[in-house]
Structures are given as structure tokens and as C-alpha cells.
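I set out to record what I looked up in this structure, entry by entry. The entries cover confidence, the main pocket, backbone geometry and one helix end.

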Amino acid sequence: MKTDCTLIAITLAFVLSTGCGGGGSGGGTGDLYPDLPGRAQIQANRSDRFLVDVQYIAAGTPFKGRRANEPHQGAHVHWDNTLNAWPAGGTAPGNYPAIYAVADGYIDRIDYRFPVGSNHCYGIDIAYAREGSTIYRFSYSIEPMVPEPSTDFYKQFILVSQGQRVRKGDIIAYMYLPPAAGIGSHIHFHIKPSTSDHFLAPAVFTGAVVDALFAHWGIFANDGPTPMPSCMGYMLDADENSYGNVQVDVLK
């Protein structure tokens with residue numbers, strides 16, 4: 001697959017400067033979702049369901065912490081639709097790449113549209129764990145990197161509703177890929193606790209899932225000049241670690 005490196009550089013510069021992963025804050029509080037598992041339970045029983053089908057992505061990257069050469073507080077998966085492989089038969093949302101619930105939980109936020117620079121995105125948060133009064137949300141910022149094609153266009157790509165109970169592996173949305181769009185179209189994902197403004201590395205997956213993503217990092221496999229190992233969090237400060245307030249170089 002041929003890639004326009006100039007376009008990639010422009011896209012990455014834009015994404016990093018605007019700070020993707022936006023959208024509204026979720027409504028989860030300590031009074032909601034009393035049946036959610038604790039963080040330690042999630043850490044001991046990692047998910048074997050990644051948020052998309054890895055075989056279809058063109059590139060990816062882990063959450064790069066503040067100590068990285070090129071920090072960015074969110075992991076990414078990218079598609080390349082240059083050859084118009086998507087939609088795969090008809091223009092219905094179901095013909096685009098599926099987006100899955102990575103864990104059992106509750107839909108805690110839906111954004112049908114929010115701005116990232118001059119473009120529009122959509123997003124979902126799943127409340128999946130708790131610790132005391134703190135709710136942990138897995139956040140999907142779904143970023144086609146174009147202005148919304150028409151009013152409410154993205155609504156048809158979201159299959160869930162606020163407060164809905166979901167199970168790991170449920171299809172919660174579809175990824176809109178614009179015609180002939182290059183590798184800029186992506187999902188930014190991270191963990192967001194209800195009691196903090198900090199984003200945390202989304203280290204909720206089994207080692208096999210993380211390794212499968214690592215094999216598809218492609219052009220984003222380096223942190224500047226430095227190759228990164230298989231992980232979901234790289235060069236994290238303590239407040240970016242999803243499993244404890246301690247600095248860590250590699251979180252898998």
C-alpha cells in the first residue's frame with residue numbers, strides 16, 4: 001500500500017497540535033454502576049477483545065507519556081482508505097470497520113459530534129471498573145479527520161445509548177472512513193478516571209492482543225528515533241499509569 005509521507009507528517013502535526021481525544025466528560029460518579037469490578041480485577045483478567053479488528057488497520061501506536069520523545073496522551077489505531085476498500089459493499093454503517101466494547105460495562109458518554117480543529121469526530125466512553133468512588137472509563141475518540149459530511153451524519157454510526165449495559169465484544173459503533181482518505185483517519189483511545197483530568201494508558205488487554213497490535217504499528221513504531229517495544233503505555237509518568245501511582249517506562 002503506497003503512503004504519502006508528506007500527508008502523514010501534516011496529519012500528525014495537526015493531531016498533536018490540536019490534542020485529539022476530546023469530547024464531553026462522562027456522567028459516571030461513585031453512586032453509579034455499583035456492580036463494576038475493581039481495577040485489580042481488570043489487571044488480573046485482561047481483555048482478549050481489542051477495540052477493532054487489528055488485521056484491517058494500517059498503523060497504530062501506544063499511549064506515549066510525558067517522558068517520551070514525542071508524547072501523546074492516547075493510543076491510536078489508523079486505517080488507510082486510499083484505495084476505497086471501505087465501505088465493503090454498500091454505504092450502510094455496517095459496511096465500515098466495527099468498533100467493539102473491550103470490556104463489560106455501561107455506556108457513560110456519547111458524543112455524536114465534537115470538533116478537533118476544523119474537523120468533526122464522535123465518541124463513546126464505557127465505564128468498566130471502579131475503585132472506591134472513582135469510575136474508570138475506556139474512552140473512544142473516533143476521528144475520521146474530516147468535517148462531518150452532513151448534520152447528524154455520525155449518529156447512524158453509533159449503536160448504543162447512554163446508560164446501556166454492554167458486554168465485551170458487543171459492536172458499539174462503526175468507523176466512518178471518508179472516500180480515498182489516507183492514514184489520518186483513526187481512533188484515539190485512553191482511560192479516563194471520573195475524579196481526575198488526567199488520561200491514563202489503556203492497558204486493559206492480554207499480552208497476545210498487545211503483541212498483535214504491535215505487529216501492525218507500521219510507520220508509527222518509533223518514538224522519534226527510538227523503536228518502542230510491544231506495550232500499551234510507554235515512558236509514563238506516575239499519573240499516567242492505569243494501575244498505580246508509579247512512573248513506568250513500559251506498561252503492557
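**Confidence**

I began with the confidence of the elements in the protein chain: helix α1 (residues 5-18) has the lowest mean pLDDT, 38, and β4 the highest, 99. The model is a predicted one, and I therefore looked up the chain as a whole: its pLDDT averages 90, and 88% of the residues score at least 70.

I then located the stretches of low confidence. Residues 1-19 stay under 50 in pLDDT, and the model gives them 24 contacts beyond four places in sequence. Residues 23-28 are also below 50, and this stretch has 18 contacts in the model beyond near neighbours in sequence.

**Largest pocket**

I looked up the volume of the largest pocket and found about 270 Å³. There are 16 residues in its lining, and the closest to the pocket centre are Pro37, Ile42, Asn45, Ala103 and Asp104. I sorted the lining residues by type and obtained 7 nonpolar, 4 polar and 5 charged.

**Backbone geometry**

Which residues does a cis peptide bond join? I found Trp86 and Pro87, with omega at about 0°. Pro87 is placed in the loop that runs between β3 (75-78) and β4 (98-100).

I next checked for positive phi in residues other than glycine. Asp152 has such a value, with phi near 65°. I traced Asp152 to the loop between β7 (134-146) and β8 (165-166). Is Asp152 buried, partly exposed or exposed? Its relative accessible area is 44%, so I entered Asp152 as partly exposed, given that buried means under 20% and exposed over 50%.

Ala180 is another residue other than glycine with a positive phi, near 60°. I found Ala180 in the loop between β9 (171-174) and β10 (186-193). Ala180 has a relative accessible area of 45% and is therefore partly exposed.

**Phe214**

I closed with Phe214, which lies in helix α3 (residues 207-214). Its relative accessible area is 34%, so I noted Phe214 as partly exposed. What does Phe214 touch, when residues up to four places away in sequence are not counted? I listed Met228, Pro229 and Ser230. I also looked up the separation of Phe214 and Met232: the two are 18 residues apart in sequence, and their C-alpha atoms are 9.0 Å apart in space.

Terms used: Residues numbered from 1 in each chain as written. Predicted model: local features only at pLDDT ≥ 70, side-chain atom pairs only at ≥ 80, totals over all residues. Heavy atoms only, no water. 1 Å grid on protein atoms, 1.4 Å probe; cavity = no way out; pocket = protein on both sides within 12 Å on 5 of 7 lines; lining within 4 Å. Points joined across faces, edges and corners; volume = space filled by probe spheres on them. Nonpolar A, V, L, I, M, F, W, Y, C, P; charged D, E, K, R; others polar. Helix = DSSP H or I, 4+ residues; strand = E, 2+ residues; numbered from the N terminus. Buried < 20%, exposed > 50% of the residue type's maximum accessible area, 1.4 Å probe, protein only. Contact = heavy atoms within 4.5 Å. pLDDT = per-residue confidence, 0-100.
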